[in-house]
Amino acid sequence: MDMRSLVRQNVRRIRQKKGLTQEQFAEVSGFSQQYLSGLEGGHRNPTVVTVYELAVALGVSHMDLLRPTKKHAKR
């Protein structure tokens, strides 16, 4: 399983579920919109600290960003 893809998809899914644009998420998280765009586009390789900080900004556990969804589990 590609962890970068897993984090990318989970960040995007949770951000959209919370009704946040990338710009709004950038304001809340402290990361630039360009970084978040690169992350969600699969062009960034987030560190453990970054995953934790993104999770805090989204109001979820860091494990929610690392846990495979049912879609991923089938692969």
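**View 1. Helices α1 and α4 run roughly parallel to each other**. In this predicted model, local features require a pLDDT of at least 70 and side-chain atom pairs count only at pLDDT 80 or more, whereas totals for chains, interfaces and linings use all residues. Residues are numbered from 1 along each chain as its sequence is written, and side-chain values use heavy atoms, with hydrogens and water left out. Helix α1 comprises residues 3-17 and helix α4 residues 48-58; their axes come within 11 Å and cross at roughly 15°. Axes are lines fitted to C-alpha atoms, for helices over the stretch in contact, and the angles between N-to-C directions run from 0 to 180 degrees. Angles under 35 degrees count as roughly parallel, over 145 as roughly antiparallel, 65 to 115 as roughly perpendicular and the rest as oblique. Helices (H or I, at least four residues) and strands (E, at least two) are DSSP runs numbered from the N terminus. The crossing of α1 and α4 is left-handed, meaning that the near helix is turned anticlockwise from the far one by less than a right angle; a clockwise turn is right-handed.

**View 2. Side chains of α1 meet those of α4 in a contact of six nonpolar residues, one charged residue and no polar residue**. From α1, the participants are Val7, Val11, Ile14 and Arg15; from α4, they are Val51, Leu54 and Leu58. Contact means heavy atoms within 4.5 Å. Ala, Val, Leu, Ile, Met, Phe, Trp, Tyr, Cys and Pro count as nonpolar, Asp, Glu, Lys and Arg as charged, and the others, Gly among them, as polar.

**View 3. Helix α2 lies roughly perpendicular to α4**. The axes of α2 (residues 22-29) and α4 come within 9 Å and cross at roughly 105°. On the α2 side, Phe25, Val28 and Ser29 make the contact, and on the α4 side Leu54, Ala57 and Leu58 do so. Five of these residues are nonpolar, one is polar and none is charged. Leu54 and Leu58 of α4 also meet α1.

**View 4. Helix α2 passes α3 in a right-handed crossing**. Their axes come within 9 Å, with a crossing angle of roughly 115°. Gln22, Glu23, Phe25, Ala26 and Ser29 of α2 meet Gln33, Leu36, Ser37 and Glu40 of α3. By class, the contact of α2 with α3 holds three nonpolar, four polar and two charged residues.

**View 5. Buried residues of α3 pack against α1, α2 and α4**. The buried residues in α3 are Tyr35, Leu36, Gly38, Leu39 and Glu40. Buried means under 20% relative accessible area and exposed over 50%, with partly exposed in between (1.4 Å probe, protein chains only). After α3 comes Gly42, whose phi is positive, near 80°.

**View 6. Arg12, Arg15 and Glu40 are linked in a network of salt bridges**. A salt bridge is a side-chain nitrogen of Lys or Arg within 4 Å of a carboxyl oxygen of Asp or Glu. The Arg12 and Glu40 side chains meet at 3.4 Å, N to O. Because Arg12 lies in α1 and Glu40 in α3 (residues 33-40), this pair ties together parts that are 28 residues apart in sequence. In the salt bridge of Arg15 with Glu40, the closest N and O atoms are 2.7 Å apart. That pair likewise links distant parts of the chain, with Arg15 in α1 and Glu40 in α3, 25 residues apart. Arg12 is partly exposed, with a relative accessible area of 30%, whereas Arg15 is buried at 7% relative accessibility. Glu40 is buried, with a relative accessible area of 2%. Leaving aside residues up to four places away in sequence, Glu40 touches Arg8, Val11, Arg12, Arg15 and Gln22.

**View 7. Asp64 forms a salt bridge with Arg67**. The closest N and O atoms of this pair are 2.8 Å apart. Both residues count as partly exposed: Asp64 at 25% relative accessibility and Arg67 at 42%. The structure holds three salt bridges.

**View 8. Ser5 is a buried residue of helix α1**. Its relative accessible area is 14%. The C-alpha atoms of Ser5 and His43 are separated by 9.5 Å, and these two residues are 38 residues apart along the chain.
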